[in-house]
Amino acid sequence: MKFSEMKYARPDIETVKSELQAVTQRLVNAADYAEAKKAFIDKDRLERKFSTQNILAEIRHSIDTRDKFYDEEVDFWNEKYPEIEEYLQQWTEALLKSEYREEFIKDFGDIVFLNGELAVKSFSPEIISEMQKENDLVNEYNKLIASAQIDFNGGTYTISQLSPFKNDADDGIRLAAWKAEGKWYKDNQKELDRIYDGLVKLRDTMGKKLGYGGYTQLGYYRMMRNCYDKNDVEKFRNAVVKYLVPVADGIFRKQAERLGVSYPLSFADAALSFRSGNPKPQGTPDEILEAGRRFYDKLSPETSEFFNMMLDNELLDVLSTEGKQAGGYCTGIYEYDVPFIFANFNGTSSDVETVTHEAGHAFADWYNRDRVPMATIWPSMEGCEVHSMSMEFFAWMSAEDFFGSDTRKFLYSHLAGAIKFIPYGTMVDHFQHIVYEKPELTPAERHAEWKRLLGIYMPWLKLDGEIPFYSDGEGWQRQLHIYGSPFYYIDYCLAQTVALEFWALIQEDLESAWKKYIAYTEQGGSTVFTKLLENAGLESPFDEATLKGVCEKANDWLNAYNLEGIE
């Protein structure tokens with residue numbers, strides 16, 4: 001079914017609550033496992049049904065945040081979904097107490113119970129009002145970002161549409177674009193500070209109401225951190241500073257030499273990899289999607305079937321249009337057993353990375369679409385990001401189809417970009433730990449912390465005031481995840497480490513690497529992240545030797561790569 005044909009209808013929430021209550025009672029009163037299992041399956045069908053309506057509203061609202069109907073529907077779901085959570089929790093508590101626990105584990109795995117225990121720890125009816133206000137503030141942030149209209153160079157652009165100018169090879173245009181974007185954020189700073197300050201205080205209150213003394217532990221539970229804790233994350237951050245920051249620093253020093261600029265670099269110069277310009281995909285958005293079709297046709301029969309289904313059913317919305325929410329995502333539409341990809345094409349290499357990154361998520365969702373319960377279709381978020389970031393590297397086999405004469409630029413920039421990204425992503429995580437450990441910080445003090453962390457994780461950047469928004473330590477406010485998904489960012493760094501493992505495997509034997517990718521993906525969310533890796537024969541990013549090893553291999557490749565003839 002095409003996405004445009006999927007019908008949205010607001011459900012009666014009281015009916016949903018009563019249906020959840022009834023199926024929970026069936027589980028509690030089950031005379032045998034057969035009855036208990038029937039209740040389990042029926043509850044999954046019920047959740048797929050109402051969550052699909054929520055997801056359809058969210059997607060259509062993100063495509064055009066000015067649409068009054070879906071704006072009101074998102075407001076409705078923001079208010080009502082936390083109420084539904086209370087009844088979902090009653091189900092989970094009943095399942096955890098079920099006398100048929102062993103039978104359930106045999107049929108559906110113990111992850112259902114492990115994650116169920118985390119879900120119980122992350123919710124109580126007493127935080128419903130805070131959750132509702134949290135949803136409203138996140139929606140307010142998304143709408144503010146989507147509303148941006150930035151006057152530049154004789155035109156008016158959204159934040160996404162301005163991005164190509166921020167990568168322009170002309171130094172004057174590039175710097176002016178960075179300044180124009182920064183000015184918009186500066187002009188809206190009071191609102192951005194107010195929204196985030198409200199979110200921090202709400203989340204801190206939720207953590208305290210649930211007995212955690214603050215938000216951090218609650219945040220870990222909400223992110224389903226089921227096989228590692230903040231101590232493991234801190235060790236990973238330390239390893240990033242020890243092994244990866246020096247490698248990334250070396251990449252930026254060579255970049256400064258190529259560009260003929262001083263080191264450390266300005267934010268605008270750090271965005272330009274080559275004096276002749278960053279790699280750009282060839283063709284129109286439709287031609288990029290068609291190149292994606294050819295790549296997935298070539299990669300495997302399964303990926304071919306998947307991507308053709310996505311195109312045929314209009315399950316990608318990729319053009320950057322006025323009123324569209326910033327960023328990109330993939331989500332599942334569970335009642336229809338299909339994923340959906342949302343993006344903002346802007347003429348940069350990120351357009352191709354969308355076709356590979358978000359489609360990596362989508363392929364994993366589609367491949368595991370028959371899993372019951374639906375909660376086991378996806379692993380926890382760092383596990384999901386392995387699907388996407390690794391798929392980007394498999395797409396090297398079609399790099400020339402996507403980039404044409406810029407292929408060599410792309411291959412170098414993509415691998416270098418993976419190394420460059422991890423320090424930034426790790427800094428985002430470190431910043432959030434500081435914020436939620438010290439919720440009393442003022443907006444100015446938060447900005448100062450970000451600026452301090454820049455010196456640790458990104459020492460190649462010049463904090464000279466040339467672009468005030470960034471040099472004043474306020475650049476974190478453009479990172480959607482910090483507002484909407486607290487502690488969801490170290491996931492990318494952990495996954496990028498695993499993706500670099502896949503990159504190294506691909507260099508040796510593409511077919512063998514793909515088999516490992518499928519061995520990882522076919523597990524869906526059936527177990528915890530570290531076990532998924534172990535089962536597929538992959539190393540854990542929490543092992544310091546893993547990060548050290550992939551850094552060395554990538555650095556050796558970059559140092560040996562022939563850039564002759566590329567300006």
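1. A good place to start is a helix pair: α2 (residues 33-63) packs against α4 (residues 101-108) at an angle of about 55 degrees, and their axes lie 10 Å apart. The two helices are therefore oblique to each other (neither under 35 degrees, over 145, nor 65 to 115). Do keep in mind that this is a predicted model, where local features need pLDDT of at least 70, side-chain atom pairs count only at pLDDT 80 or more, and totals for chains, interfaces and linings use all residues. Residues are numbered from 1 along each chain as its sequence is written, and side-chain values use heavy atoms, leaving out hydrogens and water.

2. Who meets whom here? On the α2 side, look for Tyr33, Ala36, Lys37 and Phe40; on the α4 side, for Glu103, Phe104, Asp107 and Phe108 (contact being heavy atoms within 4.5 Å). By class, this contact has 5 nonpolar, no polar and 3 charged residues.

3. Next, the cavities: the whole structure has 2 of 30 Å³ or more (a cavity is a set of points on a 1 Å grid where a 1.4 Å probe fits but cannot get out, and lining residues have an atom within 4 Å of a point). The largest has a volume of about 60 Å³, and its lining includes Ile145, Ala146, Thr158 and Lys324. Helices α6 (128-146) and α7 (159-166) each give two or more residues to that lining.

4. The second largest cavity has a volume of about 40 Å³. Among the residues lining this second cavity are Arg48, Tyr334, Asp337 and Arg369. Its lining divides into 4 nonpolar, 1 polar and 4 charged residues.

Technical notes:
On a 1 Å grid over the protein atoms alone, a cavity is a set of points where a 1.4 Å probe fits but cannot get out, and a pocket is an open set with protein on both sides within 12 Å along at least five of seven lines; lining residues have an atom within 4 Å of a point. Grid points are joined across faces, edges and corners, and a volume is the space filled by probe spheres set on the points. Helices (H or I, at least four residues) and strands (E, at least two) are DSSP runs, numbered from the N terminus. Ala, Val, Leu, Ile, Met, Phe, Trp, Tyr, Cys and Pro count as nonpolar, Asp, Glu, Lys and Arg as charged, and the others, Gly among them, as polar. Axes are lines fitted to C-alpha atoms, for helices over the stretch in contact, and angles run from 0 to 180 degrees between N-to-C directions.
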